[in-house]
Amino acid sequence: MEHSFTKWIVFFILFFPVSFTVQAEALPHAEAVLKNYAQQWTFDGSIEAVNQATVSSRVSAQVAEIFYDVNDRVEKGALILRFNDEEIKTRLWQAEANLLAEQAQLKEVQARYTEAAAEAKRINDLYQRKQVTRSALDKAEADKAATAARVNVLNAQIKARQAEVEQAKVELSYTEVRAPYAGVMTKRWIEVGEMATPGQALMSGLSLDDLRVVFTVPEKQLTEVMAAKLDVLLPTGEHLTQLDKILIPAANPKSHSFHIRLDLPQKINGIFPGMTTKVIAYGSDQPVLVIPKQALVKRAEVNGVYVLAQQRVVFRQVRVGTDYDDGWVEVLSGIDAGEQVITQPDMALLYLQLQHD
């Protein structure tokens, strides 16, 4: 019917430009009204992996083999890189040989100490019976003390050798680099044959099983957002609600904003770290000034509406807010509640042309 009305106006513009006048009230119009809607805040979020890491070298050694490359999937504990371990093995074998040699020396010295202690006791008994001189007793006690000191020295050396052996074993274990969790390789920082130093990055990876959304909230909205119901719009078009909110309890000192994390369900298809998403927070209901969406006109970069005022049609620039799913759009400024807006902007434009002619 509205389409027919438009054609009717055009007909009379063309054939009766002088004699015909269209009443403004005849144009389809609706009232700008206050309706209750939940408060909404929309934030840009990003998807990141919960488990992501870069493994680094813990030894100074040459890379012998790399078993995985970028985009390869790895299982938890899989061997991803191996260093040349000959030097560390040699050091381990030498430390073990030194330990065995000193343990053998200790056994020999302990045997001598047992003999020296027995001899010192025998000489002391003879001295008590006045059968040997004081100098003989002093010599026996000195031999016993010297042998005991040697036992103590060897015990200390053996502890040091044991520490060397353990250290070499630990370093040898560092020549095999294994995946800390199942995931996908994202970056290789070193090549076969290169010399690595302690702390140097080797391989980076992440797990696609556990993902989360991270978004930033200004300090002034933090309390409301933490109490609000959240709706996450994923890049796939899927909506997710009922996600637990995890607040990082430290504000950015420059922007005075907080990071909030939302853990996603495991193994969502088509979602990868680095993708962007929208997070909509719904607060309590409040009255919002709205107009029908079809009344909204966009002229270049300006939003506006045709307003019916005192039997005249005028174009009014407006600032709009939330676009609601029920066919209404929020107006932040430009018109007041109760004003009448033309719901067919094309017909309003024809009307203005007619009046101008």
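Here are four short exercises with worked solutions on this predicted model.

**Exercise 1. The length of helix 3**

Task: Work out what span helix 3 (residues 134-173) should have at 1.5 Å a residue, and set it against the distance between its end C-alpha atoms.

Solution:
- Start with the count: helix 3 has 40 residues.
- The expected span is 1.5 Å times one less than the number of residues, so helix 3 should span 58 Å.
- Now look at the model, where the end C-alpha atoms of helix 3 are 59 Å apart, which agrees.

**Exercise 2. Glu171 and the coiled-coil record**

Task: Decide whether Glu171 is buried or exposed, and find what its side chain meets.

Solution:
- Place the residue first: Glu171 belongs to helix 3.
- Its relative accessibility is 18%. Buried means under 20%, so Glu171 counts as buried.
- Beyond its neighbours within four places in sequence, Glu171 touches Val59, Ile88 and Arg91.
- With Arg91 there is also a side-chain polar contact of 2.3 Å.
- Widen the view to the helix: its buried residues include Leu137, Val151, Ile158 and Glu171, and helix 2 (86-128) is part of what covers the buried residues of helix 3.
- Finally, turn to the record: an unreviewed UniProt entry places a "coiled-coil region" at residues 92-171. In the model that span is 94% helix and 0% strand, and its end C-alpha atoms lie 9 Å apart.

**Exercise 3. Strand 6 and its partners**

Task: Which strands are joined to strand 6 (residues 79-83) by bridges, and which residues stand opposite Phe83 and Leu81?

Solution:
- Take strand 4 (residues 61-66) first: three bridges join it to strand 6, and the two run antiparallel.
- Within this pair, Phe83 of strand 6 faces Val63.
- Next comes strand 7 (residues 176-178), also antiparallel to strand 6 and joined to it by three bridges.
- Here Leu81 has Val177 of strand 7 as its bridge partner.
- A helpful reminder when you inspect the side chains: in a regular strand they alternate between the two faces of the sheet.

**Exercise 4. Two buried residues, Ser204 and Pro28**

Task: Say where Ser204 and Pro28 lie, and why each counts as buried.

Solution:
- Ser204 sits in strand 10 (residues 201-206), and its relative accessible area of 7% makes it buried.
- Setting aside neighbours within four places in sequence, the contacts of Ser204 include Ala53, Thr54, Met185 and Trp189.
- Pro28 lies in the loop between helix 1 (2-15) and strand 1 (29-31), and counts as buried because its relative accessibility is 16%.
- Pro28 and Gln340 are 312 residues apart along the chain, yet 9.7 Å separates their C-alpha atoms.

Key
Residues are numbered from 1 along each chain as its sequence is written. This is a predicted model: local features need pLDDT of at least 70, side-chain atom pairs count only at pLDDT 80 or more; totals for chains, interfaces and linings use all residues. Side-chain values use heavy atoms; hydrogens and water are left out. Helices (H or I, at least four residues) and strands (E, at least two) are DSSP runs, numbered from the N terminus. Buried means under 20% relative accessible area, exposed over 50%, partly exposed in between (1.4 Å probe, protein chains only). Contact means heavy atoms within 4.5 Å. Two strands pair if DSSP finds at least two bridges between them. UniProt positions are given in the numbering used here, feature names are shortened, and annotations may be inferred rather than shown by experiment. A polar contact is a pair of N or O atoms within 3.5 Å; within protein, one must be able to donate a hydrogen and the other to accept it, and residues adjacent in sequence count only if both atoms are side-chain atoms.
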